[in-house]
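Subject: Structure handover

Hi there,

Here is the structure I promised to pass on. Have a look at it first, and then read on for my notes.

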Amino acid sequence: MESDISQAFQEELTCFICLSCLTEPVTISCGHSFCRACLQLSWEDTQLPFHCPMCREPCQQQEMRINIVLKKLVSIARQASLMKDLSSEEHKCVSHKETKRILCVESRIFLCQLCSNSHEHRGHKHCPIEAAAEDEMERFLKQMAALWEKIQKNREDIEEEMGTKTLWMDYVTLREEMIRSEYRELHPFLCEEEEKHIECMRKEGQCVLEKLIKSEARMVQKGKELRDMFQELMAMSHEPYVVLLQGLDDMVRRSELMQLSMPKGIQPELSALPITGLTERFKHIQVHISFDQIIMFHYKMNLFNVLRKFSFGHHSKDTSVDSGGCYLACWGSLNFISGKYYWEVDLQGSGDWAVGVCEDSWLRNTNQMTDYEGAFLLVCVKEGNHYSLLTTSPVYRQYIERPLGRVGVLLDCEDGCLSFMNVSKSSLIHKYPPGTFKNSVRPFFSSGLKGRTFNPAH
Ligand SMILES: [Zn+2]
Ligand SMILES: [Zn+2]
Ligand SMILES: [Zn+2]
Ligand SMILES: [Zn+2]
């Protein structure tokens with residue numbers, strides 16, 4: 001009778017997926033329970049809604065709640081079988097014929113009372129096996145959770161790297177067209193320079209592409225290793241406590257070590273190649289912009305943070321500005337409706353900055369820092385040691401070397417187009433196509449306030 005009950009209990013505590021005793025049992029909406037790790041793996045590559053692996057009922061919530069009662073029952077069952085294992089003949093100390101009830105934490109072996117007092121073990125940390133089992137299991141589960149997090153991060157990194165690869169190829173192709181058209185406009189006789197420029201860019205583009213492919217392969221390889229490790233940990237978590245206690249330390253160490261070296265994504269970038277006489281030809285239309293309409297806004301809701309998220313995705317931590325930081329945004333009182341103008345803005349090596357033009361409707365828009373319609377800006381955002389360059393309307397990543405000194409802005413109201421230039425490198429950063437805007441626009445500038453004088457144009 002008693003063994004029937006214990007048999008029935010054992011069955012109830014068995015996971016449908018791995019057919020072992022439940023480890024970290026979680027219960028989903030249909031009422032069925034599984035090991036957390038088993039469910040995580042079984043749902044990993046499926047789309048919402050998830051289905052119960054047992055009854056196939058759809059399950060919307062992805063959150064996995066631990067079933068505390070089941071967890072307690074599992075623990076009681078495992079402790080009972082641990083006691084049984086320990087009291088068996090094979091676990092008796094050979095020299096002293098006593099039951100081994102003590103775990104030597106240093107050497108990960110079981111000892112009897114007399115052995116634990118021996119010269120060899122006297123200096124070691126010891127604890128009763130039953131007490132150690134629960135704590136060690138918790139430590140092991142924490143390790144599994146940490147590893148699982150890294151596996152997810154690795155997945156995201158791979159997706160991101162694949163996305164960057166596509167964006168990069170498009171960028172290099174589009175940039176080639178842009179550079180060619182700039183040369184056509186500028187010096188139809190500079191064919192040789194144009195060809196050299198394009199060739200250099202293509203070479204660089206190809207080189208970066210190869211790096212991206214290698215980086216992706218490294219990440220895929222790492223993903224395989226992490227997954228294998230996870231499977232190993234999972235198998236270990238199902239072992240009886242006697243086995244787990246002796247093998248866990250080594251496994252946790254290997255898992256930790258593996259997580260230390262996660263391959264990082266590549267920040268692709270093209271060098272700012274010079275175009276002879278790029279900015280000189282606009283000296284006669286150069287104007288002085290006085291950015292006299294200034295507003296200050298808190299760092300929380302601003303275009304930099306939104307674009308930082310866009311550039312650096314889930315890794316973004318808003319680390320470049322402390323929480324007390326402020327930003328200044330300013331625009332010129334002059335409104336340009338016709339003609340062609342050129343001005344330069346000095347960035348003085350600031351971290352986050354935006355330069356360009358905007359329509360009045362955008363300035364009036366209360367969502368102006370998250371909605372870019374009517375704002376044509378070149379924006380630089382800093383994240384840790386990385387910088388990212390973007391243009392707005394539409395938001396587009398510019399994989400070109402970041403300008404360090406002055407940015408030249410060419411505004412052509414007749415064609416409705418706008419160009420940004422790296423003045424010291426005599427290099428084109430980006431050119432919006434003709435017809436980009438139809439209304440009048442104002443010069444705009446914004447930057448982080450980092451104790452520097454705010455004097456962008458002179
Ligand atoms: Zn399971
Ligand atoms: Zn179910
Ligand atoms: Zn002994
Ligand atoms: Zn010892």
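The buried residues of helix α8 are L303, F304, N305, L307, R308, S311 and F312. That makes α8, which spans residues 303–312, a mostly covered helix, with seven of its 10 residues buried. In the chain as a whole, buried residues account for 31% of the 458 residues. Please keep in mind that this is a predicted model.

For orientation, the chain has nine helices and 19 strands. Of the contacts between residues at least 6 apart in sequence, 67% join residues at least 24 apart.

Now to the helix pair that I spent some time on. Helix α5 (residues 129–186) and helix α7 (residues 241–260) have axes that come within 10 Å and cross at roughly 30°. Angles under 35 degrees count as roughly parallel, and α5 and α7 are therefore roughly parallel to each other. The crossing of α5 past α7 is left-handed. On the α5 side, the contact is made by I129, A132, A133, E136, R139, F140, Q143, A146, L147 and K150, and these meet Y241, L245, L248, V252, S255 and Q259 of α7. Sorted by type, the residues of this contact are 10 nonpolar, three polar and three charged. If the spacing of those numbers catches your eye, recall that an α-helix has 3.6 residues a turn, so residues three or four places apart point the same way.

Helix α5 also has a sheet to deal with: α5 lies across β6, β7 and β8, and runs at about 95° to β8. Those strands form an open sheet of three in the order β7-β6-β8, with antiparallel pairing. Its edge strands are β7 (109–111) and β8 (126–128), each of which pairs on one side only. From one strand to the next, the twist averages 35°. Within this sheet, β6 (residues 102–104) and β7 pair in the antiparallel sense over three bridges, and C104 of β6 stands opposite I109 in β7.

There is another open sheet of three strands, this one in the order β2-β1-β5 and with antiparallel pairing. Here the edges are β2 (33–35) and β5 (65–66), each pairing on one side only. Strand β1 (residues 25–27) is joined to β5 in the antiparallel sense over two bridges, with V26 opposite I66 in β5. Which helices lie across these strands? Helix α2 (residues 36–43) lies across β1 and β2, at about 90° to β2. Helix α3 (residues 68–87) lies across β1, β2 and β5, at about 155° to β1.

Last, have a look at the hairpins further along the chain. Strands β13 (residues 375–383) and β14 (residues 386–391) pair in the antiparallel sense over six bridges, and L378 has T391 in β14 as its bridge partner. These two strands form a hairpin with two residues between them, and G384 in the turn has a positive phi of about 60°. Strand β14 is also joined by three bridges to β15 (residues 396–398), again running antiparallel. T391 takes part here too, with Y396 in β15 as its bridge partner. The β14 and β15 hairpin has four residues between its strands, and S393 in the turn has a positive phi of about 55°.

Happy to hear what you make of it.

Best wishes

Key
Residues numbered from 1 in each chain as written. Chains lettered and ligands numbered in written order. Predicted model: local features only at pLDDT ≥ 70, side-chain atom pairs only at ≥ 80, totals over all residues. Pairing = 2+ DSSP bridges. Contact = placed C-beta atoms within 7 Å. Axes fitted to C-alpha atoms, helices over the stretch in contact; angles between N-to-C directions. Buried ≥ 20, exposed ≤ 12 C-beta atoms within 10 Å, placed from the backbone. Parallel < 35°, antiparallel > 145°, perpendicular 65-115°, else oblique. Left-handed = near helix turned anticlockwise from the far one by under 90°. Nonpolar A, V, L, I, M, F, W, Y, C, P; charged D, E, K, R; others polar.
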